[in-house]
Protein chains: 4
Amino acid sequence: MTTIAFIGLGIMGSPMAQHLARAGHDVVGFDATPEKAKPLIDAGGRAADSGPDAVRGAEVVALMLPDSPDVTDVLTGEDGVLAHAAPGTLVIDFSTIRPDVAAGLAAEAAAAGLRMIDAPVSGGQAGAENAALSIMVGGVDADVAAARPLLEVVGKTVVHVGPSGAGQTVKAANQLIVAGNIALLSEALVFLEAHGADLPAAVEVLGGGLAGSAVLNQKASKILGDDFAPGFRIDLHHKDMGIVTSAAREAGVATPVGSLVAQLVAATRAAGDGGLDHSALYRTIARLSGRGSDTQTHGRP
Amino acid sequence: MTTIAFIGLGIMGSPMAQHLARAGHDVVGFDATPEKAKPLIDAGGRAADSGPDAVRGAEVVALMLPDSPDVTDVLTGEDGVLAHAAPGTLVIDFSTIRPDVAAGLAAEAAAAGLRMIDAPVSGGQAGAENAALSIMVGGVDADVAAARPLLEVVGKTVVHVGPSGAGQTVKAANQLIVAGNIALLSEALVFLEAHGADLPAAVEVLGGGLAGSAVLNQKASKILGDDFAPGFRIDLHHKDMGIVTSAAREAGVATPVGSLVAQLVAATRAAGDGGLDHSALYRTIARLSGRGSDTQTHGRP
Amino acid sequence: MTTIAFIGLGIMGSPMAQHLARAGHDVVGFDATPEKAKPLIDAGGRAADSGPDAVRGAEVVALMLPDSPDVTDVLTGEDGVLAHAAPGTLVIDFSTIRPDVAAGLAAEAAAAGLRMIDAPVSGGQAGAENAALSIMVGGVDADVAAARPLLEVVGKTVVHVGPSGAGQTVKAANQLIVAGNIALLSEALVFLEAHGADLPAAVEVLGGGLAGSAVLNQKASKILGDDFAPGFRIDLHHKDMGIVTSAAREAGVATPVGSLVAQLVAATRAAGDGGLDHSALYRTIARLSGRGSDTQTHGRP
Amino acid sequence: MTTIAFIGLGIMGSPMAQHLARAGHDVVGFDATPEKAKPLIDAGGRAADSGPDAVRGAEVVALMLPDSPDVTDVLTGEDGVLAHAAPGTLVIDFSTIRPDVAAGLAAEAAAAGLRMIDAPVSGGQAGAENAALSIMVGGVDADVAAARPLLEVVGKTVVHVGPSGAGQTVKAANQLIVAGNIALLSEALVFLEAHGADLPAAVEVLGGGLAGSAVLNQKASKILGDDFAPGFRIDLHHKDMGIVTSAAREAGVATPVGSLVAQLVAATRAAGDGGLDHSALYRTIARLSGRGSDTQTHGRP
């Protein structure tokens, strides 16, 4: 049994913390919105009144926060982890942030006597709830080895991909592919709808061949059902595409398709759909073909 | 047992014809390059000396040809199927051609007393060899029902998606998604390589999450191994992207991402890579980042 | 004085025919909508009751029609020019059509004993009204030389760019650049408006440097004034982008930017703006940034 | 006569400083590469041994530097302008930098008792040499009025577009349009060359119509002559496209075409052409169509 402070109990963090608690660990959760700790308590965990309160006594500090500034603040702020965690504490950052920020924070953590790995995840809300996440881990071998038993509680595929920051780099590539796959699926659906195809039949057969993907499996039927409840919000995917774009620029590589997809994600946000699931990228693609979401029936009565 | 004329014994057609022969059918193959019939003979089939020779006596005529003009020619030419097949013969066109041409040919076949369905496939060479193709079928219910036992010999997912031409429309959508997925995977790999990531580890973890796809499963390791032997050639995917582009235009829909991907496929062909597998789209993406195929080592010694 | 049959008296054709009449030529106009001949009559021309009526007795037949099928029909139909024009008649096609169709029709005209050049124009409604068009001429030297005095009545820049069809090829390139320039101007205006810039001042200074263009001079103030009355309609520019796309494909070249712009033109049409001026591409760009035309005030009260 | 410290005597700064000297001002130049002051001295100016040396005694400090960090460093460094300039000195920053950095530096300058305007320019090397630049000015009215006589020495179009930073915002829009115009011109030329058109004739007629632009006038013949000597380097335009991309993201607007063009500029740099003129974007477009610069003859023997 490990004592784990889990900071950030949103759509992703909450089920992850619950899985850790159900696996027998002593999980002390904290979220800026206190009522979000309720499901964790139901699962056998505890709630802390503040960040420092959660961190005190923890052997491991897990973070699942929205963006680079949030992680930086929670780690290095006055009430932050670096100031309150015991020497040797292992920090597992599940958040998706900039690779360069991740590497910098790991160095700061080391200077403060802590150990830190970046462990961003893929698989979405379903993956978090089913403990079936894919986890891309960056950090020192020994720290990754120490974290692995906990990572395997929440993830199905746990891979050590390189030094600090490498997990975030792979996650950036993941987000590039996922947003692109949603865009392509959306264009295919709009195309098929315009041609009067039987959409559920088309989705079934597309899924069986080389066009098959996790995005198609998880998102197509929701799109056809006009169900864009998050899930993973456009706002967050927009943030992630910014990470991809700037990391590509820094590395001197061109990502023409990813860059166009980033623009479509930005347009989805600009249209006021930032709070919807990232599959709402479909709505932008549909609008570009004159198929507004209001009038849209997906060819069904 | 059904007597089947199988015209077009290339990378896809040959293993499909063999599966039908091994399933106990009397398969008479014909290809413009006669030696391509050899594997079919080894599998228990027969070889015809000409198209009319193959068609004579056949209950079913199967076609697997490169492009719309080929199918039009083989069906409606002087030595064509419409002129030589017995009334009531069922024509199964596995080729990927223009939806409007498919619908037109089905009408011509009906006028000539034949029955015709479009049944383009997805799954690539591996799908053909493992009889695991995804088949998108357009045509009249009765004809699709009659063909289904044969389709299920070569395919794992067989779905009737609409009237004549609908199979081709869905196949066009399939090709849009597949080419796009190859482009996205390529951009991700170039991005990761430039960041010095452990590429095989990255591919493993990407495949486990929402970025997972059939393209990633089948193509990533080949790309990393500089193995671009076809498989499905860029030249053919370029032809297919032309079908997508013009069918989208006819339907009045915008496919911005698919359209950019079509340009990258065109660029791959213009670079002289038209004879390589469609995963050679990677080479264009790599060149755009100054990573020419000649000097490229994928970060491995 | 030359007797000229002028077929097609729309936004472009009408002022061109008037200029020819005012220059002293005997211009006999015909349009499917008879009242369109009124301004020509006011300018000293005549109106014909039918195509054959206009063509009979003409030394030159000028065409200004919307698309390839229109020109093909007017030339080769039962009541067409080829059937009714006197041998040796010079046909000047000002329409913008497919280069391959233009070359084919020139050959048909030659077979019928006529001479034909393609002479598509650029400069828009203003260019037509001010006799300041840019004319890109394809055809045989002698025919171009014969036509030149008439071309110079309506155009300021008249250039012989190659054999039959070459004028249309250059016009396709022209349309690629023009649509692209409108898209870029639109993105710049949306960008500047979002940043709260003084838009008229910005347009003035942009026009004085390397960003200056005919599109900026002619379209920026209209866009800022929400004036999208045609001018040259989106529907026609959409048709032209189809010509560019297929001609690029035939030539084996990639036009990634032009291809994306073609998608945005298609989206503008899909949004119901096909009847507006091509500068209405701005409306699509603005919508992509959440700046709908209904609520938009361009930062002005 | 005004005493002007001019810091940064490169391709642009050198002719600008010379024009100011020839106009009768006392211009003291400084560049990290001392021999770059030679032409200024020949024009009647003086050379300083260091930044502080130049700034001391100056009424106006003009800057023409490559990027945001350079300007920040020259202004706020230990040897910087803010530390050494007399109270009330007017700083004119001709450099192209980030709008937010420009606004921040103007605030710092004000806090240090100086006055600062941003005055980025367009028109390229030719514009600088011919004193025909377009200057987009951001700052307080009184400061812009004080600077105007000097700005009009080097510029033909001088427009006050808003408060501090607004000049940079407009310049960002300028760079978006210019890079896009180069890309469009390049695609048009590759398209025309592939069709065997007479390129100089095509350029002439394109320039006379709605496709006409400053880019076409200044760059087309150089491109056709394989002359890619800078001029304005790809490396700098790549930097500028980064400014556009991030400023668009901050403003919440989508710039799909600009974004694709930014990728093509990045690809040009990745191909090793970063030191060439920005018209070398053509080389990337040509390569995408299989027309490498080595074998390319532009259809001429």
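In this predicted model, the centres of domain 1 of chain A and domain 2 of chain A, taken over C-alpha atoms, are separated by 27 Å. Domain 1 covers residues 3-162 of chain A and domain 2 covers 169-288.

**Domains of chain A**

Contact between the two domains involves 15 residues of domain 1 of chain A and 13 residues of domain 2 of chain A. About 1,200 Å² is buried between them, with carbon and sulfur atoms giving 59% of that area. On the side of domain 1 of chain A, A:Thr96, A:Pro99 and A:Met136 supply 35% of the area buried against domain 2 of chain A, more than any other three residues. One salt bridge is found across this domain interface, and six residue pairs there are in polar contact, both residues being at pLDDT 80 or more. The elements α6 (99-111) and β7 (121-122) of chain A each supply at least two residues of the side of domain 1 that touches domain 2. That side of domain 1 of chain A divides into eight nonpolar, four polar and three charged residues. In chain A, the side chains of A:Glu250 and A:Arg98 meet in a salt bridge, at 3.5 Å from N to O.

**Chain A and chain B**

Between the chains, 63 residues of chain A are in contact with 63 residues of chain B. The buried area is about 5,200 Å², and carbon and sulfur atoms give 75% of it. In chain A, the residues that lose the most area to chain B are A:Leu184, A:Phe191 and A:Leu210, together 15% of what that side buries. Zero salt bridges are found across the interface of chain A and chain B, while 16 residue pairs are in polar contact, both at pLDDT 80 or more. The elements giving two or more residues to the side of chain A that touches chain B include β8 (133-138), β9 (155-162) and α9 (166-194) of chain A. The largest share of that side, 19 residues, comes from α9(A). Its residues divide into 38 nonpolar, 20 polar and five charged.

**Two residues of chain C**

The table sets out the location of two residues in chain C and their accessibility.

| Residue | Location | Relative accessibility |
|---|---|---|
| C:Asp143 | helix α8 (residues 141-154) of chain C | 10%, buried |
| C:Gly10 | loop between β1 (3-7) and α1 (13-22) of chain C | 26%, partly exposed |

Not counting residues up to four places away in sequence, C:Asp143 touches C:Leu90, C:Arg115, C:Met116 and C:Ile117. With neighbours within four places left aside, C:Gly10 is in contact with C:Pro15 and C:Asp31. The C-alpha atoms of C:Gly10 and C:Thr72 are separated by 18 Å, the two residues being 62 residues apart along the chain.

Definitions and conventions: Residues are numbered from 1 along each chain as its sequence is written. Chains are lettered from A and ligands numbered from 1 in the order in which they are written. This is a predicted model: local features need pLDDT of at least 70, side-chain atom pairs count only at pLDDT 80 or more; totals for chains, interfaces and linings use all residues. Side-chain values use heavy atoms; hydrogens and water are left out. Helices (H or I, at least four residues) and strands (E, at least two) are DSSP runs, numbered from the N terminus. Buried means under 20% relative accessible area, exposed over 50%, partly exposed in between (1.4 Å probe, protein chains only). Contact means heavy atoms within 4.5 Å. Buried area is the accessible area (1.4 Å probe) that two parts lose on being put together, summed over both. A salt bridge is a side-chain nitrogen of Lys or Arg within 4 Å of a carboxyl oxygen of Asp or Glu. A polar contact is a pair of N or O atoms within 3.5 Å; within protein, one must be able to donate a hydrogen and the other to accept it, and residues adjacent in sequence count only if both atoms are side-chain atoms. Ala, Val, Leu, Ile, Met, Phe, Trp, Tyr, Cys and Pro count as nonpolar, Asp, Glu, Lys and Arg as charged, and the others, Gly among them, as polar. Domain bounds come from an automatic or database domain assignment.
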